[in-house]
Amino acid sequence: MHTHAFVVGTVLYRHDEKMDTVYFPNDCLLSLMAEVKEEQVLEIALLGREGMLGYSGLANHQHSGLRVIVQQSGSADCISATEFGQVREHSKAVQEMCFSYGEMLYAEASQIAVCSHFHLLEARLARSLLTMRERLQSDHFFITHEYLALALGVRRVGVTKAASVLQKRELISYSRGKVSVLDAVGLQAVSCACFQRIIGHATSKSFTQGRR
């Protein structure tokens with residue numbers, strides 16, 4: 001296993017590429033996006049230190065079926081899917097952790113799908129920002145309107161309006177891509193219950209607990 005640094009915007013996988021590497025984020029964030037076409041995508045999961053990427057390709061290097069983008073710069077530990085598959089084959093503990101994490105990822109993707117269909121944009125934006133805050137363990141991070149629009153599957157003008165509402169309520173400050181969460185409790189009040197459910201799944205199924 002080796003450590004590699006990634007810059008924001010790096011595409012780790014496209015939907016038609018085989019998953020030949022397993023990634024364990026340290027301080028970067030990875031966005032998993034379901035794709036209809038190049039300009040039509042929806043973020044279905046956000047991976048940080050609690051997770052891993054490449055699990056579904058361990059058996060036979062399957063196509064990812066997703067576009068995976070580095071959303072926050074940082075490093076990740078990397079190992080080939082073949083090597084990790086060998087480790088997994090001989091370790092019941094690793095097998096159980098992979099299964100547990102697979103359950104968590106499925107639950108998160110399902111929750112975001114429900115959220116995207118039923119909840120208002122302001123609530124969804126609050127949920128997304130809170131999830132980033134939780135994954136990074138920081139009240140300050142960089143994210144553009146363009147990326148948020150892409151991740152939430154809406155037009156940029158919608159994100160701009162929703163972010164403006166959150167700023168006017170003094171829940172966040174947002175300038176030139178720099179986001180500061182000023183009132184996490186207030187932001188949670190605006191967010192839907194999906195945030196707590198997503199974080200609850202991640203806490204109970206954290207892959208990090210077993211690999212560190």
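Biologist: What percentage of the 212 residues in the protein chain do buried residues make up?

Modeller: This is a predicted model, in which local features need pLDDT of at least 70 and side-chain atom pairs count only at pLDDT 80 or more, while totals for chains, interfaces and linings use all residues. Residues are numbered from 1 along each chain as its sequence is written, and side-chain values use heavy atoms, with hydrogens and water left out. Buried means under 20% relative accessible area, exposed over 50%, and partly exposed in between (1.4 Å probe, protein chains only). Of the 212 residues in the protein chain, the buried share is 50%.

Biologist: How many helices and how many strands does the protein chain have?

Modeller: Both kinds of element are DSSP runs numbered from the N terminus: helices are H or I with at least four residues, and strands are E with at least two. For the protein chain, the secondary structure comes to eight helices and ten strands.

Biologist: Among contacts between residues at least 6 apart in sequence, what percentage joins residues at least 24 apart?

Modeller: A contact means heavy atoms within 4.5 Å. Among contacts in the protein chain between residues at least 6 apart in sequence, the share joining residues at least 24 apart is 74%.

Biologist: Which strands stand at the edges of the open sheet β8-β10-β9?

Modeller: Two strands pair if DSSP finds at least two bridges between them. The three strands of this open sheet pair in the antiparallel sense, in the order β8-β10-β9. Each edge strand has a single partner, so one side of it is left without a neighbour in the sheet; these strands are β8 (140-142) and β9 (172-175).

Biologist: Which residue in β10 is the bridge partner of histidine 140?

Modeller: β8 pairs with strand β10 (residues 178-181) over three bridges, in the antiparallel sense. In β10, the partner of histidine 140 is serine 180.

Biologist: At what angle does helix α3 run to β8?

Modeller: Angles run from 0 to 180 degrees between N-to-C directions, and axes are lines fitted to C-alpha atoms, for helices over the stretch in contact. Helix α3 (residues 121-136) lies across β8, β9 and β10, and its angle to β8 is about 110°.

Biologist: By what angle are neighbouring strands turned, on average, in the sheet β2-β6-β4-β5?

Modeller: This open sheet has four strands in the order β2-β6-β4-β5, with antiparallel pairing. Its edges are β2 (11-13) and β5 (40-47), each with a single partner strand, so each has one side without a neighbour in the sheet. With direction ignored, neighbouring strands are turned against each other by an average of 35°.

Biologist: Which residue in β6 is the bridge partner of tyrosine 13?

Modeller: β2 and strand β6 (residues 67-72) pair in the antiparallel sense over two bridges. In β6, tyrosine 13 has as its partner valine 68.

Biologist: At what angle does α4 run to β5?

Modeller: Helix α2 (residues 92-118) lies across β4 (29-37) and β5, at about 135° to β5. α4 lies across β4, β5 and β6, and its angle to β5 is about 95°.

Biologist: Which residues of α4 are buried?

Modeller: Six of the eight residues of α4 are buried, so the helix is largely enclosed by the rest of the structure. The cover over these residues includes β4, β5, β6, α3, α5 and β9. The buried residues are His145, Tyr147, Leu148, Ala149, Ala151 and Leu152.

Biologist: How many nonpolar, polar and charged residues are in the contact of α4 with α5?

Modeller: The axes of α4 (residues 145-152) and α5 (residues 156-168) come within 8 Å and cross at roughly 110°. That makes α4 roughly perpendicular to α5, where under 35 degrees is roughly parallel, over 145 roughly antiparallel, 65 to 115 roughly perpendicular and the rest oblique. The contact is made by His145, Glu146, Leu148, Ala149 and Leu152 of α4 and Arg156, Val159, Thr160 and Ala163 of α5. With Ala, Val, Leu, Ile, Met, Phe, Trp, Tyr, Cys and Pro as nonpolar, Asp, Glu, Lys and Arg as charged, and the others, Gly among them, as polar, the contact has five nonpolar, two polar and two charged.

Biologist: Which residues does glutamine 167 touch, not counting those up to four places away in sequence?

Modeller: Glutamine 167 is found in helix α5. Glutamine 167 is partly exposed, with a relative accessible area of 32%. Beyond four places in sequence, glutamine 167 touches Ile172, Ser173 and Tyr174.
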